[in-house]
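Me: I have a model open and would like to talk through how some of its labels are earned. Could you take me through them?

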Amino acid sequence: MRAMALASFGPPDVLQLTEIEAPQAGPGEVRVRIKAAGVLPFDCGVRSGSHPLVQKLGFPIVPGNEFAGIIDQIGDGVKDFSVGNEVLGFTVLQCYAEFVVVSADQIVIKPKNMPWEIAGGFSGNGQGAHLALKALGVGQGDTVLIHAAAGGLGTFSIQLAKVWGAKTVIGTANEANHDYLRSLGAIPVSYGEELVDRVRKVAPEGVDAALDAAGPDALRASVELVKDKDRIRTMVSFELANELGIPALSGNRSAAKLAELVELYSQGKIHIHIRDAFPLQQAAAAHQKIESGHGRGKIVLTID
């Protein structure tokens with residue numbers, strides 16, 4: 001099969017179209033012919049060699065940890081799925097490829113009204129937002145601050161916080177994305193100096209919880225704005241979080257969480273914007289795009 005694989009760590013162009021042996025479904029597993037795969041900052045960390053996970057891996061490495069496609073092979077003992085089912089799911093690696101094999105408890109049925117591009121980029125940021133907001137205890141009446149709110153994680157986080165009862169959601173973003181945040185139900189504020197003052201102006205009664213996907217400045221601002229450090233999490237500034245006494249995000253992805261998010265999508269309560277869709281062989285360009293800054297929505301790969 002074709003896959004975008006690494007033979008060494010480095011910049012985006014180390015991703016090369018490679019022929020590798022197609023995986024086969026074992027007991028309790030399914031093989032999925034991938035139609036779309038999401039691109040995440042996690043993948044860029046694998047590609048560059050900066051993510052701790054890569055210390056345990058040998059080459060070639062195929063990045064990608066979220067996907068959507070059609071089941072074409074069923075292993076022994078799988079009862080809830082059939083060949084031909086359209087599904088979306090998650091794994092740690094191996095999704096920048098024509099086929100992926102996963103346990104049957106890592107997929108859910110794709111809704112008929114969900115386009116392939118959205119399905120392929122749904123699980124990673126969706127479950128990341130779910131884990132983070134649960135850890136923050138977001139619920140009825142809360143005022144929630146989300147940094148890098150126009151990105152894939154932020155888009156999910158705004159909408160999920162609203163579904164779970166947050167009274168006010170404030171999102172940091174470039175001005176070009178402010179109307180987009182308003183369309184999701186958030187109050188936009190700009191990055192940069194005096195961020196804390198701008199947030200206090202729109203939330204004079206204070207901020208209950210904050211999620212950082214932007215970096216150190218955003219995390220420091222969150223500490224000034226949120227009284228309880230247990231209600232702050234970061235997805236990017238882990239060393240600084242440790243220094244500041246902010247808990248690390250923990251928990252695991254699951255088909256149950258994914259099914260919950262898919263149901264919200266089917267109900268029209270979650271909307272996802274696809275920023276760009278690249279063919280599989282242009283994975284390097286997708287990485288360049290995602291590393292260029294905090295853009296709007298998701299970046300995905302499509303596989304013909």
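**Labels and their reasons**

Reply: Happy to! Glu194 has a relative accessible area of 59% and is exposed. Keep in mind that this is a predicted model.

Me: What makes Glu194 count as exposed?

Reply: Exposed means over 50% relative accessible area, and Glu194 has 59%, so the label fits. Glu194 sits in the loop between strand E10 (187-189) and H6, and its phi is positive, about 65 degrees, although it is not a glycine.

Me: Why is Asp197 called partly exposed?

Reply: Its relative accessibility is 48%. Partly exposed lies between the 20% and 50% cut-offs, so Asp197 at 48% belongs there. Asp197 is part of helix H6 (residues 195-202).

Me: Which residues form the negative surface patch?

Reply: Glu193, Glu194, Asp197 and Glu224 form it. Asp and Glu count as negative, so the patch takes that sign.

Me: How do you know that Gln94 is partly exposed?

Reply: Its relative accessibility is 39%, and partly exposed is the range between under 20% and over 50%, so the term applies to Gln94. Gln94 lies in the loop between E5 and strand E6 (99-103), with a positive phi near 85 degrees in a residue other than glycine.

Me: What makes the peptide bond from Phe59 to Pro60 cis?

Reply: Its omega is near 0 degrees. Pro60 is in the loop between helix H1 (41-48) and strand E4 (66-74).

Definitions and conventions
Residues are numbered from 1 along each chain as its sequence is written. This is a predicted model: local features need pLDDT of at least 70, side-chain atom pairs count only at pLDDT 80 or more; totals for chains, interfaces and linings use all residues. Side-chain values use heavy atoms; hydrogens and water are left out. Patches are made of residues with over 30% relative accessible area and no salt bridge: like charges are joined within 9 Å, nonpolar side chains (Val, Leu, Ile, Met, Phe, Trp, Tyr) within 5 Å. Accessible areas come from the Shrake-Rupley method with a 1.4 Å probe; for residues, only the protein chains shown count as cover. A salt bridge is a side-chain nitrogen of Lys or Arg within 4 Å of a carboxyl oxygen of Asp or Glu. The place of a charge is taken as NZ of Lys, CZ of Arg, CG of Asp or CD of Glu. Helices (H or I, at least four residues) and strands (E, at least two) are DSSP runs, numbered from the N terminus. Buried means under 20% relative accessible area, exposed over 50%, partly exposed in between (1.4 Å probe, protein chains only).
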